[in-house]
Amino acid sequence: MSTGEELLREHGLRVTRPRLAVLEVLTGGGHLEVDEIAQRVRGRLDSVSTQAVYDVLGALSRAGLARRIEPAGSPARYEARAGDNHHHIVCRGCGAIADVDCAVGERPCLMPADVHGFELDEAEITFWGLCSSCRSRRNADIAS
């Protein structure tokens, strides 16, 4: 397993304390908003601006070490799981997000009838529904 420093260097990025801290936060898991990431990074570093966190997230995303997702009606979120072929499921009730592996396994897992001259490498799919907690609350509300 590569360390954060090794990952940054392997992807052509300078090793800085903010980059290491953001990478560490992302590898902790989840689909995090920038404010959440900034708050967690501030717990690791003396201080860091929100703009610095945005800059780091942009660099990590361009290098393939982070992935930005933007479910409709939601702020941008970031995750460390990048470069594979997975999608997301979003709860319409609470906004929880979970990863969903592609059923086909190859990139892209969906192929349009006409690619209009593009070379496709990814299909971004977002599934929507209610998580088990929101379904339970809804069913309890209906029963009362």
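## Strands 4 and 6

In this predicted model, strand 4 (residues 86-91) and strand 6 run parallel, joined by 4 bridges. To find one of these pairings in the structure, start at Ile-89: its bridge partner in strand 6 is Phe-127.

## The sheet around them

Zoom out a little and you get an open sheet of 3 strands, ordered 5-4-6, with mixed pairing. Strand 5 (97-101) and strand 6 (126-129) sit at the edges with a single partner strand each, so each has one side without a neighbour in the sheet. On average, neighbouring strands here are turned by 30° against each other, ignoring direction.

## Helix 2 and its ends

Now for helix 2, which covers residues 17-27. Thr-16 caps its N-terminal end, with a side-chain oxygen 3.2 Å from the backbone nitrogen of Arg-19. After the helix comes Gly-29, with a positive phi near 100°.

Which residues of helix 2 are buried? They are Arg-19, Ala-21, Val-22, Leu-23, Val-25 and Leu-26. These buried residues pack against helix 1 (4-10), strand 1 (32-33), helix 3 (34-42), helix 4 (50-62) and strand 3 (77-79).

## Where helix 2 meets helix 4

The axes of helix 2 and helix 4 come within 10 Å and cross at roughly 70°. That crossing makes helix 2 roughly perpendicular to helix 4.

On the helix 2 side, the contact involves Pro-18, Arg-19, Val-22, Leu-23 and Leu-26; helix 4 brings Val-53, Val-56, Leu-57, Ala-59 and Leu-60. Sorted by class, that gives 9 nonpolar residues, 1 charged and no polar ones.

Key. Residues numbered from 1 in each chain as written. Predicted model: local features only at pLDDT ≥ 70, side-chain atom pairs only at ≥ 80, totals over all residues. Heavy atoms only, no water. Buried < 20%, exposed > 50% of the residue type's maximum accessible area, 1.4 Å probe, protein only. Helix = DSSP H or I, 4+ residues; strand = E, 2+ residues; numbered from the N terminus. Contact = heavy atoms within 4.5 Å. Polar contact = N/O pair within 3.5 Å; in protein donor to acceptor, adjacent residues only side chain to side chain. Axes fitted to C-alpha atoms, helices over the stretch in contact; angles between N-to-C directions. Parallel < 35°, antiparallel > 145°, perpendicular 65-115°, else oblique. Nonpolar A, V, L, I, M, F, W, Y, C, P; charged D, E, K, R; others polar. Pairing = 2+ DSSP bridges.
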